[in-house]
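Trainee: I should like to learn how the features of a protein model are read. May we work through one case together?

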Amino acid sequence: MCCALAVVCVAGCYRPNVVAGPVISEGAGAAAHMQAAALQGLRLHVFNTGMNRVSPLLVGSPAPWRSAPAFVIEHPVRGLIVFDCGLAEEVGREGEASLHPVTRLLFKTRSLPGKDLVSQMRAAGLDPGDVAYVILSHMHFDHVGAAPAFTNASFIAGPGARANSVSRMNGFDPERIAWVDADAWHEADFSRGEPFATFDSTLDVFSDGSLRLIRGGGHTAGGIAVLLNLPAGPVLLAGDLVVHFDWLRSDDVQRIVLDA
Ligand SMILES: [Zn+2]
């Protein structure tokens, strides 16, 4: 419990950490180039598995409700790819009672039966057994909920993600990924990364330009994002790198103090 109290204490003293980001227009040329080279047949499905709201204990003032999204990418060669798994099915069925006491203290969480990722995939005609890859932005409970359903998948996460997410006191849910064998668990090695657009280090996962891992950090140690090159234009799947738009607009880079 002392870890959780430490988090609350530090968060209670929180002050915005303002760091100006790159000029977004610098990436416009790269976006146009990406779209011209996009892989035809690449599709993105967006699902909302529920919502949650950060406690004033963490951010100092009431924060708005935000969705707990999960994404399924259809790759014409590689098959189905999941990016983040949303809330667990139990949250819709049992409510917050299914979550760890510290998680319930720090977040208000809501879902409904049938809103978990697996149920919504099946309703959309997507078989969880066909998922070849699961990419996890980070290991917080609202991003790994449906992970146990993807038993045929290889998992991809950020550097040190598994070792750094063992404490449920910090909002992680390590049991959701504990079953994944070591040979099916892969962590990005950004020492082999290359700069792309405004990003310092990226990895072209399939060497076809369709999906780049981007080094994150800030929200949790080893967090990652995905830049997806859809035919309609590039999309950034950012995990919790941006939790609320007002934080992005104010260049406030860190509201939750869990980074190493
Ligand atoms: Zn998070």
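**A residue, its sheets and its rings**

Mentor: Let us begin with a single residue: apart from its neighbours within four places in sequence, D173 is in contact with M139, F141, V144 and R168. Please keep in mind that this is a predicted model.

Trainee: Where along the chain is the place of D173?

Mentor: D173 belongs to the loop that lies between β6 (154-157) and β7. One of its contacts is F141; the two residues are 32 apart along the chain, and their C-alpha atoms are separated by 5.0 Å.

Trainee: Is D173 buried or exposed?

Mentor: The general idea is a cut-off on relative accessible area: a residue is called buried when the value is under 20%. D173 has a relative accessible area of 10%, so it is buried.

Trainee: How does one read burial and contacts for the protein chain as a whole?

Mentor: One takes the share of residues that meet the cut-off. The protein chain has 260 residues, and 46% of them count as buried. The area exposed by the chain is about 12300 Å², of which carbon and sulfur atoms supply 56%. For contacts, one looks at separation in sequence: where the residues in contact are at least 6 apart, 64% of the contacts join residues at least 24 apart.

Trainee: How many helices and strands does the secondary structure come to?

Mentor: The protein chain has 7 helices and 12 strands.

Trainee: In which order do the 7 strands of the open sheet with mixed pairing stand?

Mentor: One reads a sheet from edge to edge. Here the order is β4-β1-β2-β3-β5-β6-β7, the sheet is open and the pairing is mixed. Its edge strands, β4 (107-110) and β7 (185-187), each pair on one side only. On average, neighbouring strands of this sheet are turned by 25° against each other, with direction ignored.

Trainee: How many bridges pair β1 with β4, and how many pair β1 with β2?

Mentor: The bridges are counted for each pair of strands. Strand β1 (residues 43-54) pairs with β4 in the antiparallel sense over 4 bridges. With strand β2 (residues 66-75), β1 also pairs in the antiparallel sense, over 8 bridges. Individual partners can then be named. On the β4 side, N52 has T109 as its bridge partner, and M51 stands opposite R110. On the β2 side, the bridge partner of F47 is A70.

Trainee: Why is β2 described as largely enclosed by the rest of the structure?

Mentor: The same idea of burial is applied to the residues of a strand. In β2, 7 of the 10 residues are buried, so the strand is largely enclosed by the rest of the structure.

Trainee: What do β2 and β3 form, and how many residues lie between them?

Mentor: They form a hairpin with 3 residues between the two strands. Strand β3 (residues 79-83) runs antiparallel to β2, and 5 bridges join them. Within this pairing, F71 stands opposite F83 in β3.

Trainee: What is the strand order in the open sheet of 5 strands?

Mentor: That sheet is antiparallel, with the order β8-β9-β10-β11-β12. At its edges are β8 (194-196) and β12 (233-237), each of which pairs on one side only. Neighbouring strands are turned by 40° against each other on average in this sheet, direction ignored. The edge strand β8 runs antiparallel to strand β9 (residues 199-204), and 2 bridges join them. F196 stands opposite F199 in β9.

Trainee: Which residue lies over the face of F196?

Mentor: For a charge over a ring, one reads the distance to the ring centre. R212 lies over the face of F196, at 4.0 Å from the ring centre. In another case, the charged end of R162 sits over the ring of W185, 4.7 Å from the centre of that ring.

Trainee: Which residues form one aromatic cluster with W185?

Mentor: F155 and W179 form the cluster together with W185. The structure holds 5 aromatic pairs. W185 thus appears in two readings: as a member of the cluster, and as the ring beneath the charged end of R162.

Terms used. Residues are numbered from 1 along each chain as its sequence is written. This is a predicted model: local features need pLDDT of at least 70, side-chain atom pairs count only at pLDDT 80 or more; totals for chains, interfaces and linings use all residues. Side-chain values use heavy atoms; hydrogens and water are left out. Two strands pair if DSSP finds at least two bridges between them. Axes are lines fitted to C-alpha atoms, for helices over the stretch in contact, and angles run from 0 to 180 degrees between N-to-C directions. Buried means under 20% relative accessible area, exposed over 50%, partly exposed in between (1.4 Å probe, protein chains only). Contact means heavy atoms within 4.5 Å. Accessible areas come from the Shrake-Rupley method with a 1.4 Å probe; for residues, only the protein chains shown count as cover. Rings of Phe, Tyr and Trp (its six-membered ring) pair if their centres lie within 6.5 Å; planes under 30 degrees apart count as stacked, over 60 as edge-to-face and the rest as tilted. A charge sits over a ring if NZ of Lys or CZ of Arg is within 6 Å of the ring centre and within 35 degrees of the ring normal.
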